[in-house]
Amino acid sequence: MAKDVIIACDFPSAAETLAFLDRFPGEKPFVKIGMELFYAEGPAIVRAIRARGHRIFLDLKLHDIPNTVKKAMRVLSGLDVDLVNLHAAGTRAMMSAALEGLTRPDGTRPLLIAVTQLTSTDQAALEGELLIEKPIGDVVLSYARNAAAAGLDGVVCSPLEAGTVHESCGENFLTVTPGVRFADAGQDDQKRVTTPARARELGSDYIVVGRPITQAADPVAAWERCRKEFLG
Ligand code: C5P
């Protein structure tokens with residue numbers, strides 16, 4: 001898939017989501033559906049957005065025993081989405097099982113990427129709570145290598161990590177990166193942010209952008225600006 005901007009549709013209901021997407025009369029943006037919307041509206045919202053012609057990243061971050069994840073992925077493979085994810089912390093065995101479950105009888109499947117460490121986890125929590133006594137950057141890279149070894153297509157990471165992930169796992173290994181803000185805007189609750197242009201320079205394949213587009217006075221203009229800066 002070619003590089004693009006993915007809009008994080010973090011809305012609580014189908015009505016609000018579809019009203020937002022109605023504002024895009026022309027080309028259909030690539031959208032991310034997360035836990036809040038999926039748990040509220042179920043598979044019907046995925047089908048509704050798909051029927052409107054959008055590409056979809058279903059961001060449900062699965063993490064359970066391999067057999068359970070495999071069976072859940074089998075269900076998700078019927079939803080005709082483009083991209084799904086899980087936690088790399090579930091181990092290579094879980095990631096391999098997920099791939100198996102996701103692959104349809106005809107051999108096709110959505111792309112599968114792994115969350116390495118959540119950006120809300122800092123070094124103190126990593127050491128004090130998870131008992132992982134390594135620099136967080138090393139942990140992210142090691143989990144990315146596990147995902148690559150299991151045959152996954154990429155990871156969710158910070159744009160700041162995209163370069164090292166590509167160096168270690170290959171140029172074709174996807175880096176899907178949130179934490180993007182326009183140069184002239186605030187950061188909200190994101191800690192380490194980059195602009196769309198900087199994310200491009202750093203080698204991100206997809207940037208995930210929520211509030212700078214969903215809360216903009218003119219979301220279509222914000223999306224177009226974001227694509228222009230990111231795609232060059
Ligand atoms: O509004 P904003 O641009 O901050 O939205 C970013 C999106 O990316 C949200 O849906 C958020 O949950 C998601 N995300 C993130 N950081 C991660 C993983 C996902 O911000 N490490």
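Right, the protein has 11 helices and 8 strands. Those are DSSP runs, numbered from the N terminus: helices are H or I with at least four residues, strands are E with at least two. The radius of gyration is 17 Å, close to the 17 Å from the globule rule for 232 residues, so the protein is as compact as a globular protein of that length. That radius is taken over C-alpha atoms, and the rule is 2.2 Å times the number of residues to the power 0.38.

Before I go on: this is a predicted model, where local features need pLDDT of at least 70, side-chain atom pairs count only at pLDDT 80 or more, and totals for chains, interfaces and linings use all residues. Residues are numbered from 1 along each chain as its sequence is written, and side-chain values use heavy atoms, with hydrogens and water left out.

Next, dimensions. Along the principal axes, the C-alpha atoms fill a box of roughly 45 × 40 × 30 Å. Of the 232 residues, 50% count as buried, meaning under 20% relative accessible area with a 1.4 Å probe, protein chains only; exposed is over 50%, and partly exposed is in between.

Contacts now. Take those with a separation of 6 or more: 66% come from residues 24 or more positions apart. Contact means heavy atoms within 4.5 Å.

Finally, one residue. Where is T119? T119 sits in the loop between β5 (111-115) and α6 (123-128). T119 is exposed, because its relative accessible area is 65%. Q190 is 71 residues from T119 in sequence, yet their C-alpha atoms are 8.7 Å apart in space.
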